[in-house]
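Colleague: I would like to learn how to read a model of this kind, feature by feature. Could we begin with the interior and then move on to the secondary structure?

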Amino acid sequence: MQSQTKRRLSPGELDALMSGSAGIGCRVEAELTDGWFNTAYRVRLDDGRAAVVKLAPPAEVPVLRYERGIMATEAMVYRRLATLPGVPAPELLHAGEDFLAVSVLEGTTWDKAGDLPEATQRALRRELGAITARLHTLTSEDGRFGYPAEEAALSAPDWRTAFTAMVDALLEDAARWQSELGVTPGEIRTLVADGGYALDEVTKPALIHFDLWPGNIFIDGSRIVGLIDHERAFWGDPAAELVSLVFGGDTGPDSDLVRGYTEAGGVLDFTPAFQHRLALYQLYLSLLLIIEFGPRGYDNAEHLAFCRSYLADNLARLRALR
């Protein structure tokens, strides 16, 4: 996907960046074009190891509020995962202020694996549920909720305050980029306030990936070998993870994914308050997907139509709860 946030370097410039910042040069093998925000290159390091180098947008390029500092967030997540058994991920090899380098995973992303047998799909969904439950055992070291990066200034001591600030930041971005949402900021804020009682039930800031669609899950045959692209991660409510997980299959209470999650010790209670929070998180993602068209400069009518339909459906779901 083409995006105005992507920072491209020549092979020589990337080699110089790695040599100067990481102390090891590299040879570019290919640009990885699936990403929608950062630029990524598959490289061969001078010591022979294969790696993927991700570049943050240029400092002068405008981004959404929550996107400030998210390269450091991804590096932080990889460091935390290195100490957590049972959550496969690439190894963080090097990290700088505006780049990171990780090891190359075997296999392929789930969305490109072709037609898998139903039994394999079900087993993978169950395994993904278990991995997600283990991921959610990571909590913020300072007890705060919201986005980890200080640059975003979107964290708070409680989840209701943090989530409200996250929504407000998106609405400010929408005004800046003149995003056509088809709903007033006032109504969105009212819908969030109406769910305050449910948000208050969340008292533990778990690490939420928030982008676990099949394109960010590597599989090798019948096993999951790695989760990637942790840049959208925040400290919050495990229910929010279902928002992206549903793009890969059923996430209902009787699903294989939830079965794997609960067998690994996770708790998803599906109470009315839980469902209300889930609807809020679906609203949040649908707003994000439309508003990011502004700074990224996407020219994709089909994707925009999907995003508008997704927002309309999620608004209807929340309005029905009022």
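Modeller: Let us begin with the residues that line the largest cavity, which are Thr132, His136, Pro238, Glu241, Leu242, Leu245, Leu257, Tyr261 and Leu268. Please keep in mind throughout that this is a predicted model.

Colleague: What volume does the largest cavity have, and how many cavities of 30 Å³ or more does a search of the whole structure find?

Modeller: The volume of the largest cavity is about 40 Å³, and the search of the whole structure finds one cavity of 30 Å³ or more.

Colleague: How do the residues of that lining divide into nonpolar, polar and charged, and which helices each supply at least two of them?

Modeller: The lining of the largest cavity consists of six nonpolar residues, two polar ones and one charged one. Helices α7 (242-245) and α8 (256-263) each supply at least two residues of this lining.

Colleague: Turning to the sheet, what is the general idea behind strand pairing, and what is the order of the strands here?

Modeller: In general, the strands of a sheet pair through backbone hydrogen bonds, in either a parallel or an antiparallel manner. Here five strands form an open sheet in the order β1-β2-β3-β5-β4, and the pairing is antiparallel. The edge strands are β1 (26-32) and β4, each of which pairs on one side only, and from one strand to the next the twist averages 25°.

Colleague: Which strands are joined to β5, and by how many bridges?

Modeller: Strand β3 (residues 50-55) is joined to β5 by five bridges and runs antiparallel to it, with Val53 standing opposite Ala101 of β5. Strand β4 (residues 92-95) is joined to β5 (residues 99-103) by three bridges, again in an antiparallel arrangement, and Leu92 has Val102 in β5 as its bridge partner. With three residues between them, β4 and β5 form a hairpin.

Colleague: Finally, how should I read helix α2, and why can it be called largely enclosed?

Modeller: Consider its span before its surroundings: helix α2 (residues 70-81) has twelve residues and reaches 16 Å from its first C-alpha to its last, close to the 16 Å expected at 1.5 Å a residue. As for enclosure, a residue counts as buried when its relative accessible area is under 20%. Ten of the twelve residues of α2 are buried, so the helix is largely enclosed by the rest of the structure. Among these buried residues are Ile70, Met71, Glu74, Val77, Tyr78, Arg80 and Leu81.

Definitions and conventions:
Residues are numbered from 1 along each chain as its sequence is written. This is a predicted model: local features need pLDDT of at least 70, side-chain atom pairs count only at pLDDT 80 or more; totals for chains, interfaces and linings use all residues. Side-chain values use heavy atoms; hydrogens and water are left out. Two strands pair if DSSP finds at least two bridges between them. Helices (H or I, at least four residues) and strands (E, at least two) are DSSP runs, numbered from the N terminus. Axes are lines fitted to C-alpha atoms, for helices over the stretch in contact, and angles run from 0 to 180 degrees between N-to-C directions. The expected span of a helix is 1.5 Å times one less than its number of residues. Buried means under 20% relative accessible area, exposed over 50%, partly exposed in between (1.4 Å probe, protein chains only). On a 1 Å grid over the protein atoms alone, a cavity is a set of points where a 1.4 Å probe fits but cannot get out, and a pocket is an open set with protein on both sides within 12 Å along at least five of seven lines; lining residues have an atom within 4 Å of a point. Grid points are joined across faces, edges and corners, and a volume is the space filled by probe spheres set on the points. Ala, Val, Leu, Ile, Met, Phe, Trp, Tyr, Cys and Pro count as nonpolar, Asp, Glu, Lys and Arg as charged, and the others, Gly among them, as polar.
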